[in-house]
Amino acid sequence: MHKRKKENRTFNIINTTLLILFALIIVVPLWNIVVSSLSAGAGTGNSGLVLIPKDFTLENYKKVLTDESIPRALLISILKTVIGAFTHVAFCAVFAYALSKQKLAGRSVYAMMGVITMYFSGGMIPTYLLIKSLGLLDTFWVYIIPGLFSYYDVVILMNFFRDVPPSLEESAKIDGASEFTIFRKIYVPLSKPALATILLFNGVAQWNDFMTTKLYVTNEKLYPLQMKIYEIIVQSNMTAMSNSGSTDVIVESSTKGVQLATIVITTIPILIIYPLLQKHFMGGMMAGAVKE
C-alpha cells in the first residue's frame, strides 16, 4: 500500500510538472504578444521576450481602431461568422440525418460522392470560374454558400445520429411525428456535442478567413476585419521599407507594434466565445446520455 501511494505521488508530481510546462509554452508567447502590443518604440523593436510593457501606450491600438472602415469590417466578420457557421451546421446535419438512414434510396451513391470531395477538389481557377458563373463575385453570399457543405463534418454527425436509440424514433412515429419533427426534437438535442464542436471549428475558420476575400471580393465595403488588418500590416511594412536612415529602428518598432495589436484584436472574440461553447459541450453531453 505504501509503495502504491509513493508511485501515485511520483506520477502526480511528474504529471503536474509536464502540464505546467505545457501551459507555459502556450501562455508565455500569448502574453508576450499582448505586452509587446502595449509597448512603445524600442519596447517592440527587439525580438527578445517581453513580460512587462516598456513605455506603456495604447497608440498601436489607436492606429488600428481609428481606421474608419474597421467598424464595418467588424460587422461583416461577425455576420459571416455567425451566418456561415450556423448554416453550415444546419446543412451538414440535415444531410447527415438522411445518410444515416439505411432505407435511403441511392445512399451508397451519395456517400461515394461525398467521399470524393474529401480527397479531390476542382482547383483554384475552376472554383473561381464556378463562383463567377453563379454570380457570387463581390457579394456577401460568397462567404456563405461555398462553405455550406463538408463531408468530414457529415461523417462526424452520421456517427452521432446512428447512436440514437431506434426506439426513440419508433415512439415518435407512433405519436404521429414527421421526419423533420423527429430530426429537430430528438436527433438534434442528442447530438449537441458534435453540433457544438462543428459550430466552433467552422466559426473559427470563418472568422480567420481572408483568402476568400482576396480571391472573390474587390468591393472594400464587403471586406471583413481580417482583410482590413491584412491591409494595415501590408501598409505598415511598406511604410517601414520606404523610410531610411536613423528612423529605421523607430519605424520598424512601430510597425511591429501595430501588427501585434491587430493579432490581439482578432483573437479576443474567439477567446470570449470559446468558454461559452465549452459549457454547451457539457450540457450536450448530459443531454445525450441516453440508455435503453
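## Annotated segments

A helix here is a DSSP run of H or I that spans at least four residues. In this predicted model, residues 73-97 are 100% helix and 0% strand. The C-alpha atoms at the two ends of that stretch lie 36 Å apart. Residues 140-161 are 50% helix and 0% strand, with 32 Å between the end C-alpha atoms.

Both stretches come from the unreviewed UniProt entry, which lists them under "transmembrane region". The other ranges listed there are 12-31, 109-128, 182-205 and 258-277.

## Packing of α3 and α8

Helix α3 covers residues 70-99, and helix α8 covers residues 179-190. The two pack at an angle of about 110°, and their axes are 12 Å apart. Since angles of 65 to 115 degrees count as roughly perpendicular, α3 is therefore roughly perpendicular to α8. Their crossing is right-handed.

## Largest pocket

The largest pocket holds about 850 Å³ of space. Its lining consists of 30 residues, and T127, I145, P146, G147 and F149 are the closest to the pocket centre.

Which helices each supply at least two residues of this lining? They are α3 (70-99), α4 (107-119), α5 (124-133), α6 (151-162), α9 (192-208) and α10 (211-216). By residue class, the lining divides into 18 nonpolar, 10 polar and 2 charged residues. Helix α3 thus appears in two settings: it packs with α8, and it supplies at least two residues of the pocket lining.

Notes:
Residues numbered from 1 in each chain as written. Predicted model: local features only at pLDDT ≥ 70, side-chain atom pairs only at ≥ 80, totals over all residues. Heavy atoms only, no water. 1 Å grid on protein atoms, 1.4 Å probe; cavity = no way out; pocket = protein on both sides within 12 Å on 5 of 7 lines; lining within 4 Å. Points joined across faces, edges and corners; volume = space filled by probe spheres on them. Nonpolar A, V, L, I, M, F, W, Y, C, P; charged D, E, K, R; others polar. UniProt positions renumbered as here; feature names shortened; annotations may be inferred. Axes fitted to C-alpha atoms, helices over the stretch in contact; angles between N-to-C directions. Parallel < 35°, antiparallel > 145°, perpendicular 65-115°, else oblique. Left-handed = near helix turned anticlockwise from the far one by under 90°.
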